[in-house]
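Reader: Could you take me through a close look at one part of this model, slowly, since I'm just starting out? I'd love one connected answer.

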Amino acid sequence: MSDLTTQASHMATRLRAGEVAALARAISLVDSREELGSQIHRAVRPYAGQAEVIGITGPPGAGKSTLLNALVAAFRNNNKRVAVVAVDPSSPITGGAVLGDRTRMGEHTSDKGVFIRSLAARGHLGGLSASILKIIDLVDAAGWDVVLLETVGAGQSETEVAEVADINVVVNAPGLGDDVQAIKAGILEIADVLVVNKADSPLAQRTERQLKAMLQLRREESANVPVINTVATTGDGIDVLLSAITELTRTKFKSSKNKRLLDRVRRLVAQEAAAQAKQVILGDQNPATLALFEGILAGEYGYEEATVKLMSRRYAQAGCG
Ligand SMILES: Nc1nc2c(ncn2[C@@H]2O[C@H](COP(=O)(O)OP(=O)(O)O)[C@@H](O)[C@H]2O)c(=O)[nH]1
Ligand SMILES: [Mg+2]
């Protein structure tokens, strides 16, 4: 065995034994795309697949961090060990700006049943979700029952999180500007549970009505998406939210764990393939490639046709086509 393999195997053993320091180190290695990180991931991957992965997305200011804090407490009351992975470098939970939130999370930071980690949202070739997924695998293999994924609610992190989570909780709140338009297109489609947070606001009922109307417009299945009112600051409605999550997890996990995991892998490989293809094409100085581009300019091919030609040639070169 090479040094690296031996090292990976030691780390994997420590991680599986529940050593938090080993988990934290493995996450850093994966997050920075080190080869050792990849090897640790491969070594522990077969042990992952047990944890419930719950994404918390929604516009900034909706109350995601506050809600997540309350959810952590609720899961802890049910004796579940909870890992929080924040795709949000400025998260108040993971070391950010708001002193009040930090103090509130203080109760959790000293709890051995809570693991908190934030990831940088930039610099991930192949998209963030591939890295998140590997990190979830690490946390999962280390024996954590629940993984809560928090996003900053801006940029691409929401959709990336949605791709890897088993259950997507989409949080909205009144008073965020253009009503429910604050929810980005596409995010509503991936919602398994919709939360109207800040239900203590007099405008919350209107937000709820609008969300329900939007759900009905979007698709038929969304008739089943529960809409739950919460006041994250007081904990009102958190028990209802937790029951909804638990019920959804039960049905999702029951349907077929293997299919769920394979679907997730398929989405991520597709995404990784797109990212890799992009890098290859951007760096491709092959005269035949340039001729293809010229052909597009001259109207000989459409973009789609040229792309198919280019891809099939690259695949043939790589010996996999
Ligand atoms: N009135 C009220 N304020 C809330 C509620 N939930 C969160 N907030 C406040 O809304 C602000 C934004 O919350 P935060 O959790 O940081 O939102 P995030 O950007 O989605 O993570 C904070 O000042 C919270 O204290 C709620 O249910 N009711
Ligand atoms: Mg937040």
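Author: Let's start with a bit of vocabulary: a residue is buried if 20 or more other C-beta atoms lie within 10 Å of its own, exposed if 12 or fewer, and partly exposed in between, with C-beta atoms placed from the backbone. Keep in mind that this is a predicted model, where local features need pLDDT of at least 70 and side-chain atom pairs count only at pLDDT 80 or more, while totals for chains, interfaces and linings use all residues. Residues are numbered from 1 along each chain as its sequence is written, and chains are lettered from A and ligands numbered from 1 in the order in which they are written.

Now for the helix I'd pick, H2. Helices (H or I, at least four residues) and strands (E, at least two) are DSSP runs, numbered from the N terminus. H2 covers residues 20-31, which makes twelve residues. From its first C-alpha to its last, H2 reaches 16 Å, close to the 16 Å expected at 1.5 Å a residue (the expected span is 1.5 Å times one less than the number of residues).

Who's tucked in? Ala22, Leu23, Ala26, Ile27, Leu29 and Val30 of H2 are buried. Looking down the axis of H2, these buried residues fall within an arc of 160°, so they line one face of the helix. That arc is taken from the directions from the helix axis to the C-beta atoms. It helps to know that an α-helix has 3.6 residues a turn, so residues three or four places apart point the same way. On the other side of H2, Val20 and Ala21 are exposed.

Just after H2, Arg33 takes a positive phi of about 55°. Two further residues are worth a look for their phi. Asn79 has a positive phi of about 60° although it is not a glycine, and Asn79 is found in the loop between helix H4 (64-77) and strand S2 (82-87). With 8 other C-beta atoms within 10 Å, Asn79 is exposed. Lys198 also has a positive phi of about 60° without being a glycine, and Lys198 lies in the loop between strand S6 (193-196) and helix H8 (204-218). Lys198 counts as buried, though, because 24 C-beta neighbours sit inside 10 Å. So Asn79 is exposed, whereas Lys198 is buried.
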